[in-house]
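Work through the following exercises with the sequence and the 3D model side by side, and attempt each task before reading its solution.

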Amino acid sequence: MVDRCVNLFPVSRYERWNAILELLAQEGRLTVERAAESLDVSTATIRRDFDQLAQQQMLMRTRGGAVAQSVSYDLPLRYKTARHAGEKQRIAEAAAELVTPGAIVGMNGGTTTSEVARALAIRADPEIGFTIVTNALNIAAELTVRQHVKIVLTGGVARPQSYELIGPLAAPVLEQVTLDVAFLGVDAIDAEAGAFAHHEGEASVNNLLISRAAEVIVVADASKIGRRAFARICSLDAFGTLITDESLSEEAAARFTDAGVKVVRA
């Protein structure tokens, strides 16, 4: 039986679609009636959702329901299962709203940036689309089936702990592209010292990625703020906006604001 705790009364199409995909990942097959009951919406709404998700190749329609499209998004969905999942989804939705149609978007790996990629794919106009430049294998694997998303994947050596490509082989691609905006996921961020990753290889590639962007936005839930990790990605002046969740205190937010960083609490 589907765990009814997933029914958080989604108020937006993005949240509802995300809930449908999570249910589908759990069961592999979903009827219209079962999805409608679990999400507390009408069967007509679910049928429309199934049709629209099928158009984006996120599932396959069947008579009276839907089945998982393929294993192509199974790994990213399992990767997404992490602490602060709700906060990450709200951060992603706020981030997606800042991207203009047709933009060239850079992003590194991580659970929060994976949510941003998912939100962008759902919200984007299929007639215009957008481009994602990333070193994250899971993001590329999930979005490569979306016809309105152009994926540019860097070279490098895969790091299993984060699904990121790292090392000098990433540089030739990144040095030849220009990004409208880059979303940077971090392991830690401090109002004085900047943004950090646990691994020096990730930090190096992430720094190069954001150096190619006209605008850099850090996406991080509040649990990562006020902390430092082993390898610094960049100083505070390398990005202009921090999108976090509403649990960040006013005092902590003020430290970034005083340093010239715009803070968005989703």
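**Exercise 1. The sheet**

Take L59 and find which residue is its bridge partner in β3; then establish the strand order of the open sheet.

Solution. The bridge partner of L59 is A68, which lies in β3. This is a predicted model, in which local features need pLDDT of at least 70 and side-chain atom pairs count only at pLDDT 80 or more, while totals for chains, interfaces and linings use all residues. Residues are numbered from 1 along each chain as its sequence is written, and side-chain values use heavy atoms, with hydrogens and water left out. Strands (E, at least two residues) and helices (H or I, at least four) are DSSP runs numbered from the N terminus, and two strands pair if DSSP finds at least two bridges between them.

Step one concerns β2 and β3 (residues 65-68), which run antiparallel and are joined by four bridges. Within this pairing R61 stands opposite A66 of β3. The two strands form a hairpin with two residues between them, and G64 in the turn has a positive phi of about 85°.

Step two turns to the pairing of β1 with β3, also antiparallel, in which three bridges are found; here R29 has V67 of β3 as its bridge partner.

Step three puts the pairings together: the open sheet has three strands in the order β1-β3-β2, with antiparallel pairing. Its edge strands, each pairing on one side only, are β1 (29-31) and β2 (59-62). From one strand to the next the twist averages 25°.

**Exercise 2. Helices on the sheet**

Determine which strands helix α1 touches, and which strands helix α2 touches.

Solution. Contact means heavy atoms within 4.5 Å, and angles run from 0 to 180 degrees between N-to-C directions, with axes fitted to C-alpha atoms, for helices over the stretch in contact. Helix α1 (residues 13-27) packs on the sheet and touches β1, β2 and β3, its direction making about 125° with that of β1. Helix α2 (residues 32-39) likewise packs on the sheet, touching β1, β2 and β3, and its direction makes about 80° with that of β1.

**Exercise 3. Helix against helix**

Describe how α2 packs against α3, and how α1 packs against α5 and α6.

Solution. Two packed helices are described by the angle between their axes and the distance between the axes. In the vocabulary used here, angles under 35 degrees count as roughly parallel, over 145 as roughly antiparallel, 65 to 115 as roughly perpendicular, and the rest as oblique.

Step one: the axes of α2 and α3 come within 9 Å and cross at roughly 110°, and the two helices are therefore roughly perpendicular to each other. The contact is made by V32, E33, A35, A36 and L39 of α2 with T43, I46, R47 and F50 of α3. These residues divide into six nonpolar, one polar and two charged, where Ala, Val, Leu, Ile, Met, Phe, Trp, Tyr, Cys and Pro count as nonpolar, Asp, Glu, Lys and Arg as charged, and the others, Gly among them, as polar.

Step two: α1 and helix α5 (residues 85-96) pack at an angle of about 135°, with their axes 11 Å apart, and are therefore oblique to each other. Y14, E15, N18 and E22 of α1 meet Q89, A92 and E93 of α5, a contact with two nonpolar, two polar and three charged residues.

Step three: α1 and helix α6 (residues 111-123) pack at about 115° with axes 10 Å apart, which makes α1 roughly perpendicular to α6. On the α1 side the contact involves R13, Y14, W17 and N18, and on the α6 side E115, R118, A119 and I122; by class these are four nonpolar, one polar and three charged residues.

**Exercise 4. Two residues and the whole chain**

Decide whether T45 is buried or exposed, do likewise for R146, and find what share of the chain counts as buried.

Solution. Buried means under 20% relative accessible area, exposed over 50%, and partly exposed in between, with a 1.4 Å probe and protein chains only. T45, placed in helix α3 (residues 43-55), has a relative accessible area of 14% and is therefore buried. R146 is found in the loop between α7 (137-143) and β6 (149-153), and its relative accessible area of 3% makes R146 buried. Not counting residues up to four places away in sequence, R146 touches Q56, Q57, M58 and A121. For the chain, 53% of the 266 residues count as buried.
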